[in-house]
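Please walk me through this structure in the viewer, one selection at a time, and tell me what is there at each stop.

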Amino acid sequence: MSEFILETRGLTKRYGGVHALEDANFNLRHGEHVAVVGDNGAGKSTFVRQITAVEQRSAGDVIFDGAPVHFAGPLQARESGIETVFQTLALADDLDVPSNLFLGRELFKLKLGPFSILDRKAMREKTMEALKTTAVKIPNVDNPIRNMSGGQRQCVSIARTAAFASKLVIMDEPTAALGVQETAQVENIIRGLKERGVPLILVSHNLRQVFDLVDRIVVFRRGRIVASLRRDETDGNDIVSYITGVKGGVEV
Amino acid sequence: MAEPTHGLGGLKYDPSKKARPQELNVFIAFVIIVAAFEILGRLIIGESFLFNSREGTTGLFNTQRLSIIILQVATVGIIAIGVTQVIITGGIDLSSGSIVGATAMVAMSFAQTALVNGNPNPKAIFGDWAMDLPILVPILVGLACGLLAGLINGALIAYTKIPPFIATLGMMVSARGFARWWSTGNPISFPTESYNAIGSGMRPVFVFVALAVLFHLIMTYTKYGKHSYAIGSNEQATRMSGINVDRHKVLVYVIAGMLASIAAIVVSSKGQTAQANMGVMYELDAIAMAVIGGISLQGGRGSIIGTVIGALIFGVIISGFTFLRLDAYYQEMVKGAIIVGAVVLDQWRQKSRGARV
């Protein structure tokens, strides 16, 4: 087994003449939690989109789970074990919480092709288990998602990712739109992933959160990775210097 | 409440506070409309709509009128069951009425009897080989027509990505043309006894109820139902969840097409004849039943039970107008107003729902 669950070599993305991502060399160890930080337009989301195959890269290699990969789309990435929480929620508003959690991977009582009979009780129980670890407050999981707050919805979305996480979880600004309490809930889910040894790439603007949660911080600036620092060997001021370009140019 | 176990994260949940299901609202509307006709009937023409008021007959209710209402909605109701599933996935099917016409023509051609009053069948479409075939033959041929039409609808919508409105509009025109071409516009008549039996008496109602129960269970308890709601609710998210949305859509339109062909078999059997313009406007009546029954045209919401109650409301309104001796022209105008009104109500409901969040 390779030392890394994910490696990128010379990953590059250009939109016409704009170099959104240039020669990104990145690696992630098994069970490691890494934050990706940087100013707006530094290339963080572009970087994530190349790994999850939401976009196709211009150049470079992605090595996932020991083998070079070239996913055709996000679905294939997901089937290979990369679970992503996108900035835009991917939930079916008219379905209840268990149905959303198990969408596309339902449990069945009886297999009858498309008319397979759902095991609603088992899915509901597993949902309650998955959500209990997140401390999210939902009055009734049998209600449609539509009637829930942004925080509750985000927690369902993340719980869904966490519950099925197989090899790698990527979260792009998971708490950007959330209140203090809801942010705390999401952070609890992330700690749960760490305990279970599921590796994570967390894109975040929130340095407090980053220092609370991850092992290592990777700084993007102007489409390049300018620093990769262990959490206990750096501090907020140091990171900010890299983000703003006061320090920089350290090739990782 | 001793056991507040329902909520998560320490929140108590009181089941009695749960919002009324949509179907209950539709049912209340149904009761109000029936009551309105009852009152109007007594005021305007001095007759009861619901109850038995004729002399020399027994029984509490006017069973004759009620059974006519149910019988009238049963055929289109069968179509509405399929249309409901299509609308739940966020689509629309305008072709069901024409599929009824085309299927009736084809199925009836295989259901003819050789001798009519000792003479050869004057309306014979095929030769002797197609006469007095077992009942299963016209049924299977009819179902195959619906399957094929649905398959074309579904494949066009899923794989060429044209809007369902356009794809099924094309099928609506083409299937009607096919129905006219089949026997160059002539009606097809004189079916076998066993074919006649399918739609005799109250049997269409039993077919309707059995299919409604079957598809209610399917929509509620199976993967097919869950994915239908998911697609109508958020197609992109459903696709991202690894569900084969395209294949699912094909299946939904195939089922809708086959339900339309079942309606065709029932209606042609009931009338003992098939005509090329059978089922004209059925698609709109079926959509109206679904919309009245609380099926959201935006997809994702509604149920078969809602459509069944919607069908009853539809039947009561049409029959109620006849009962009040209003001109048939008014019925059509009011029908249109009901459809628009139901959609306006749905929009309004969604807005108020959005505001509550």
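Two residues are in contact if their C-beta atoms, placed from the backbone, lie within 7 Å. With that cut-off in hand, select chain B, and keep in mind throughout the tour that this is a predicted model. Among the contacts in chain B between residues at least 6 apart in sequence, 76% join residues at least 24 apart.

**Chain B as a whole**

While chain B is selected, colour it by secondary structure, which comes to 13 helices and four strands. Its C-alpha trace spans about 80 × 60 × 40 Å along the principal axes. For 357 residues, a compact globule would have a radius of gyration near 21 Å, and the 22 Å of chain B agrees with that. Buried residues make up 45% of the 357 residues in this chain.

**Two loop residues of chain B**

Most residues other than glycine have a negative phi, and the next two selections depart from that pattern. Select N117(B) and look at its backbone: its phi is positive, about 50 degrees, although N117(B) is not a glycine. You will find N117(B) in the loop between β1 (115-116) and β2 (119-120) of chain B. Is N117(B) buried or exposed? It counts as exposed, because it has 5 C-beta neighbours inside 10 Å, and a residue with 12 or fewer is placed in that class.

Now move along the chain to R325(B), which is not a glycine either and has a positive phi of about 60 degrees. R325(B) sits in the loop between α12 (304-323) and α13 (328-356) of chain B. With 9 other C-beta atoms within 10 Å, R325(B) is exposed.

**Where the chains meet**

Show both chains together and select the residues that touch across them: 31 residues of chain A are in contact with 29 residues of chain B. On the chain A side, the elements that give two or more residues are α2 (74-79), β8 (117-118) and α4 (120-132). Of these, α2(A) gives the most, with four residues. If you colour the chain A side by residue type, it divides into 18 nonpolar, five polar and eight charged residues.

**Chain A as a whole**

Hide chain B and keep chain A, which has eight helices and twelve strands. The C-alpha trace of chain A spans about 55 × 40 × 35 Å along its principal axes. A compact globule of 252 residues would have a radius of gyration near 18 Å, and chain A, at 19 Å, agrees with this. Of the 252 residues of chain A, 46% count as buried, and residues 24 or more positions apart account for 66% of its contacts with a separation of 6 or more.

**An enclosed strand**

Select strand β3 (residues 33-38) of chain A, where six of the six residues are buried, so that the strand is largely enclosed by the rest of the structure. Turn the view to compare its faces: H33(A), A35(A) and V37(A) lie on one side, V34(A), V36(A) and G38(A) lie on the other, and all are buried.

Which strands should be added to the selection beside β3(A)? One is β10 (residues 200-203), which runs parallel to β3(A) and is joined to it by four bridges; here V36(A) stands opposite V203(A). Another is β11 (residues 216-221), also parallel to β3(A) and joined to it by five bridges, with V34(A) opposite R216(A).

**A buried asparagine**

Go next to helix α3 (residues 97-101) of chain A and pick out N100(A). N100(A) counts as buried, because it has 28 C-beta neighbours inside 10 Å. Leaving aside neighbours within four places in sequence, N100(A) is in contact with L91(A), A92(A), L95(A), I145(A), V156(A) and R160(A). Should you wish to try the distance tool, N100(A) and R124(A) are 11 Å apart, C-alpha to C-alpha, and 24 residues apart in sequence.

**A pair of helices**

For the last stop, select helices α5 (residues 150-164) and α6 (residues 180-195) of chain A, whose axes come within 10 Å and cross at roughly 5 degrees. That angle makes α5(A) roughly parallel to α6(A). Show the side chains of the contact, which include G151(A), Q154(A) and C155(A) from α5(A) and E182(A), Q185(A) and V186(A) from α6(A). The residues of this contact divide into seven nonpolar, four polar and one charged.

Notes
Residues numbered from 1 in each chain as written. Chains lettered and ligands numbered in written order. Predicted model: local features only at pLDDT ≥ 70, side-chain atom pairs only at ≥ 80, totals over all residues. Buried ≥ 20, exposed ≤ 12 C-beta atoms within 10 Å, placed from the backbone. Rg over C-alpha atoms; globule rule 2.2 N^0.38 Å. Nonpolar A, V, L, I, M, F, W, Y, C, P; charged D, E, K, R; others polar. Pairing = 2+ DSSP bridges. Axes fitted to C-alpha atoms, helices over the stretch in contact; angles between N-to-C directions. Parallel < 35°, antiparallel > 145°, perpendicular 65-115°, else oblique.
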